[in-house]
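Here's a quick tour for anyone meeting this structure for the first time. Take a look at the sequence and the model, then read on.

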Amino acid sequence: MTEIHELSDILANQIAAGEVIERPGSVVKELVENALDAQATQIDILVEDAGIKSIRVIDDGAGITNDQVQRAFLRHATSKISSRQDLFRVHSLGFRGEALPSIASVADVVLKTAVMDAKEGTKIHYRGGELVSQTGTNARQGTDILVKDLFFNTPARLKYLKSQATELAQIVDVINRLAMSYTKVAFHLVHNGKELLQTAGNGNLQQVIASVYGLSQAKKMVAVNISDNDFAISGYVSLPELTRSNRSYISILINGRFVKNYNLSKAIVKGYGSKLMVGRFPIAVLQISMDPLLVDVNVHPQKHEVRLSKEVQLMALIEEMIVKCFTNQNLIPDAYDNY
Ligand code: ADP
Ligand code: MG
């Protein structure tokens with residue numbers, strides 16, 4: 001037996017990366033979430049070979065000051081929470097301070113960033129967790145991060161990746177959902193030079209749904225909303241005639257965060273009652289806002305799962321909303337004034 005010793009930072013980061021960064025889609029998710037947390041209004045996502053070759057995310061957000069750039073790559077270093085109280089009221093998408101160090105430990109990362117009115121920005125380069133260089137760069141406000149050679153030093157992870165089509169589908173899924181959560185942000189996703197999604201960032205969810213699912217599908221969706229003392233829900237759900245064979249077209253966004261929650265999607269389906277055929281599921285996009293105290297996001301490293309303290313109440317409210325929507329002979333979709 002060797003002595004008990006602390007793992008080096010690089011090794012610890014690589015272990016954390018195993019949880020946070022499973023595939024190119026997880027890198028894209030973390031980087032775009034960082035851009036959103038930095039209040040970006042325009043986010044460009046440029047991907048090559050399904051992200052295996054490179055992922056570049058450019059935002060016009062707040063940027064990072066020159067003296068703090070290295071700190072952003074330290075594990076458990078974050079600007080988003082500082083106290084235990086904050087952990088119970090998370091307003092940002094990130095808070096664990098794990099993404100940048102994890103990504104930098106298993107890839108080649110060049111980050112350029114500048115804050116408003118800075119005279120100079122910073123360009124920093126990490127490879128396999130090691131700092132390669134740090135220099136000054138131009139001072140365009142925002143952050144531009146390029147991730148190449150993902151998993152070059154973790155061959156098992158690289159092998160585990162699926163086909164490029166599957167990995168790309170994951171990336172598209174991540175961006176679609178973030179675009180539907182953040183309708184005021186303009187998203188632009190390009191893969192191998194081909195544009196896959198462009199949203200206007202004008203706050204119109206219906207338009208984003210049309211960009212994601214196509215105009216003809218979006219025309220078969222109706223607006224829904226309801227609220228009580230704890231929850232405010234709004235969004236679009238498909239007419240019973242427009243269905244899919246699985247639940248993955250149900251997007252539930254809690255305080256701007258896409259979550260997987262079987263009970264909430266079940267409540268949507270239950271609201272349709274016998275209008276849906278057995279084994280068929282609607283397309284739905286529901287934005288739910290609630291006091292952050294009612295939702296525990298610190299359940300899963302990738303934060304897909306959350307724990308809700310009033311889940312039963314929320315399920316009932318969702319079901320009621322859908323039932324009402326389809327009983328008020330409300331079956332004619334809104335006019336598409338915007339087209
Ligand atoms: P977390 O998002 O959990 O705080 P990250 O490792 O993803 O952890 O990022 C670390 C820190 O780096 C963030 O808290 C933030 O201060 C800064 N940061 C990362 N990406 C950006 C960005 N695109 N714009 C501005 N700041 C960023
Ligand atoms: Mg983050």
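## The nonpolar core

In this predicted model, the largest nonpolar core holds 83 residues, and the ones with the most contacts inside it are Val28, Val32, Val57, Ile103, Ile175 and Ile209. Helix α7 supplies the largest share of this core, with seven residues. Both domain 1 (9-198) and domain 2 (220-327) give residues to the core, so it lies between them.

As for the general background: in soluble globular proteins, nonpolar side chains tend to be buried together.

## A closer look at Val28

Which residues does Val28 touch, leaving aside those up to four places away in sequence? The list is Ile45, Gly51, Ile55, Ile171, Val174 and Ile175. One of these partners, Ile175, is also listed with Val28 among the core residues that have the most contacts.

## Two domains

Now for the overall layout. The domain assignment splits out domain 1, covering 9-198, and domain 2, covering 220-327. Their C-alpha centres sit 28 Å apart.

## Where the domains meet

How many residues of each domain are in contact with the other? There are 13 from domain 1 and 13 from domain 2. On the domain 1 side, α1 (9-20) and α7 (164-181) each chip in at least two residues. Helix α7 gives the most to that side, with three residues.

Sorted by class, the side of domain 1 that touches domain 2 has seven nonpolar residues, plus three polar and three charged ones. So much for the contact side; α7 is worth remembering, since that helix also gives the core its largest share.

Key. Residues numbered from 1 in each chain as written. Chains lettered and ligands numbered in written order. Predicted model: local features only at pLDDT ≥ 70, side-chain atom pairs only at ≥ 80, totals over all residues. Domains from an automatic or database assignment. Contact = placed C-beta atoms within 7 Å. Helix = DSSP H or I, 4+ residues; strand = E, 2+ residues; numbered from the N terminus. Nonpolar A, V, L, I, M, F, W, Y, C, P; charged D, E, K, R; others polar. Core = buried A, V, L, I, M, F, W, Y, C linked by C-beta atoms within 7 Å. Buried ≥ 20, exposed ≤ 12 C-beta atoms within 10 Å, placed from the backbone.
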